Amino acid sequence: MKKIYHNPVGESKYTGFLFVLPFLAGFLIFGIYPFIVSFLLSLTDYSMNGKPEFTGLENFKRLVTDSDFHKAVGVTLKYIILLVPLKLIVSLGTALLLSMNIRGMGFFRTIYYIPSILGSNISVAIMWSFLFTSDGLVNQILDKLGIMPVSWYGESTPAIFMIVLLRVWEFGSTMIIFLSALNDIPRELYDSARVDGAGKIRTFFSITLPMLRNVIFVNLVMQTITAFQEFNAPFMITGGNPMKNTYTVSMLIYDEAFRYYDIGYANAVSWVLFTLTALFILMLFRFTKKFRAGDV
């Protein structure tokens, strides 16, 4: 007697589509649609009090002479240059320490990850701002060490470095990625290096760092994109001061949209921010190509 096999494909050929439909709907409604509308609004003069009036590239021409925009771009780039390398170094160093096989390491890994969960909390930002006041804990420690207290809110470099320190403190997610990659490195490589007499420093630069090159690049790209969009920390801690030396492009977009109600110009700035981010990431891909391929 011939067996008859039931073919579920014919009866459920739309099953796969139904499974991805919620994602597609969300992506179209909350991703593609706002993306297109934002570009269309950037070509208009719109203040939410009336209908958008098409003005072409006028908003983008205005950017050329806008000193606030130039200042915000400079601050954002300075912030990225300070933050990203420092955060990667701290994350990798901590991951190396937490990759050691000692008792209770799971507890320490959890403790080190907690700041990443709390980082965007308003209460943390308030706590951070009090730590760096003129008579705050940080200046008290500096005074005990015989170092002159720093005017964190009165000078440009200390103010932005205060924001950088907060974001470096939130290294948990980057650390976890490094930690996972470290655990995937074959132990045989370290055993062979030890037999050949290689020390820890030589092992790090000859085995660990080359094996992590792709993960380093992934973290570099992710942290750069996040840094370009920085808003919460400077907004809540310094408000962009002193003299707008912590005033990022995202803060400019917020002010133009919700303070001055210039929606068209705010969208133009957001598109320039998107373009700058994309170009910066393309440059990273180009200049680190040999490094990622293992040619250096």
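Trainee: What makes the crossing of H4 and H9 right-handed or left-handed in this predicted model?

Mentor: H4 passes H9 in a right-handed crossing. That word applies if the near helix is turned clockwise from the far one by less than a right angle.

Trainee: Why are H4 and H9 called oblique to each other?

Mentor: The axes of H4 (residues 67–98) and H9 (residues 172–184) cross at roughly 50 degrees. Angles under 35 degrees count as roughly parallel, and 65 to 115 as roughly perpendicular. The crossing fits neither class, and H4 and H9 are therefore oblique.

Trainee: How do you know that H4 and H9 meet, and through which residues?

Mentor: Contact means heavy atoms within 4.5 Å. On the H4 side the residues include Lys87, Leu88 and Ser91, and on the H9 side they include Thr174, Met175 and Phe178. By class, this contact has nine nonpolar, three polar and one charged residues. The axes themselves come within 8 Å.

Trainee: What makes a residue part of the lining of the largest pocket?

Mentor: A lining residue has an atom within 4 Å of a point of the pocket. For the largest pocket, with about 580 Å³ of space, 16 residues qualify, and Leu96, Tyr190, Lys200, Thr203 and Thr208 are the closest to its centre. H4, H9, H10 (187–195) and H11 (200–211) each give two or more residues to this lining.

Trainee: Which element gives the largest share of the lining of the second largest pocket?

Mentor: H12 does, with five residues. The pocket has a volume of about 300 Å³ and is lined by 21 residues. Those residues divide into seven nonpolar, ten polar and four charged.

Key: Residues are numbered from 1 along each chain as its sequence is written. This is a predicted model: local features need pLDDT of at least 70, side-chain atom pairs count only at pLDDT 80 or more; totals for chains, interfaces and linings use all residues. Side-chain values use heavy atoms; hydrogens and water are left out. Axes are lines fitted to C-alpha atoms, for helices over the stretch in contact, and angles run from 0 to 180 degrees between N-to-C directions. Helices (H or I, at least four residues) and strands (E, at least two) are DSSP runs, numbered from the N terminus. Angles under 35 degrees count as roughly parallel, over 145 as roughly antiparallel, 65 to 115 as roughly perpendicular and the rest as oblique. Ala, Val, Leu, Ile, Met, Phe, Trp, Tyr, Cys and Pro count as nonpolar, Asp, Glu, Lys and Arg as charged, and the others, Gly among them, as polar. On a 1 Å grid over the protein atoms alone, a cavity is a set of points where a 1.4 Å probe fits but cannot get out, and a pocket is an open set with protein on both sides within 12 Å along at least five of seven lines; lining residues have an atom within 4 Å of a point. Grid points are joined across faces, edges and corners, and a volume is the space filled by probe spheres set on the points.
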